[in-house]
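The following exercises concern the structure shown below. Please attempt each task before reading its solution.

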Amino acid sequence: PPSLSALEITASPARASGTLRPHAHAPRNHLRAHHDDPRGAGLRAALAAHRSLRGVQVSAGVQSVQGAEVVDGEETLVQIAAKNEFGTERIPSRPWLRTALQVNAKKWRRLAGDVVKAARTDQGPEPALRVLGVVMVGDCRESLLDGDWAPNAPMTIARKGSDQPLVDTGRLNQSQRAQVAIPGKGADRLG
């Protein structure tokens, strides 16, 4: 199998939808303001703020740092996450990240819009980006715990001592983080 370093959902405030490892994209604004029209100053400022967010991404899921952790001396957390998200011959798909995206896409788009608005303020977009990241990772964690997933096999229940899918030690859910990446500034990891 291919070597995985992360399994995450990525949102880009300069766009605005979403997908798994996938990206949440927002439609581009093709409006143009005439430079000699003072009434267009607000639109020009809004478009400049929107352009300033190009390349900015907020990711939530099992990030590379946490995902590299080896569990029980066998597999990394990101390998375990991918097997459960997409399924294998023996493990049914339990798509908690895709479910989080589907259930919360509207909320995440609204928060991405708040990032665009914040880019026009003295404070800048960073606080709104952090809010988006924290909300996304919280929604992903909730999805993992609360999903109506295929039940564990009897052998898995005996090994774990529990019949709750996707939860053994709790480490997979705890490993989910958010990351805000701003071109030229690097990336901030959020818990």
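**Exercise 1.** Determine by how much α4 bends, and at which residue.

*Solution.* α4 bends by about 65° at Asn104; the bend is the angle between axes fitted to the seven residues ending at a residue and the seven starting there. Helices (H or I, at least four residues) and strands (E, at least two) are DSSP runs, numbered from the N terminus. Asn104 is also among the buried residues of α4, as are Trp96 and Trp108; buried means under 20% relative accessible area, exposed over 50%, and partly exposed in between, with a 1.4 Å probe and protein chains only.

This is a predicted model, in which local features need pLDDT of at least 70, side-chain atom pairs count only at pLDDT 80 or more, and totals for chains, interfaces and linings use all residues. Residues are numbered from 1 along each chain as its sequence is written, and side-chain values use heavy atoms, with hydrogens and water left out.

**Exercise 2.** Identify the element that gives the largest share of the largest nonpolar core.

*Solution.* A nonpolar core is a set of buried Ala, Val, Leu, Ile, Met, Phe, Trp, Tyr and Cys residues joined through side-chain atoms within 4.5 Å.

1. The largest such core has 32 residues, and those with the most contacts inside it are Val62, Trp96, Trp108, Leu129 and Leu172.
2. Two or more residues come from each of β3 (57-62), α3 (77-86), α4 (96-118), α5 (126-146) and β6 (176-182).
3. The largest share, 9 residues, comes from α4.
4. Beyond its neighbours within four places in sequence, Trp96 is in contact (heavy atoms within 4.5 Å) with residues including Val62, Cys140, Leu144 and Leu172.

**Exercise 3.** Explain why the buried residues of α5 line one face of the helix.

*Solution.* The buried residues of α5 include Leu129, Leu132, Met136, Cys140 and Leu144. Seen down the axis of α5, the buried residues fall within an arc of 170°, so they line one face; the arc is that of the directions from the helix axis to the C-beta atoms. An α-helix has 3.6 residues a turn, so residues three or four places apart point the same way.

**Exercise 4.** Establish whether Ser175 is buried or exposed, and which backbone oxygen lies 2.7 Å from a polar atom of its side chain.

*Solution.* Ser175 is located in the loop between α7 (171-174) and β6. Its relative accessibility is 0%, so Ser175 counts as buried. The backbone oxygen in question belongs to Leu172.

Note on methods. A polar contact is a pair of N or O atoms within 3.5 Å; within protein, one must be able to donate a hydrogen and the other to accept it, and residues adjacent in sequence count only if both atoms are side-chain atoms.
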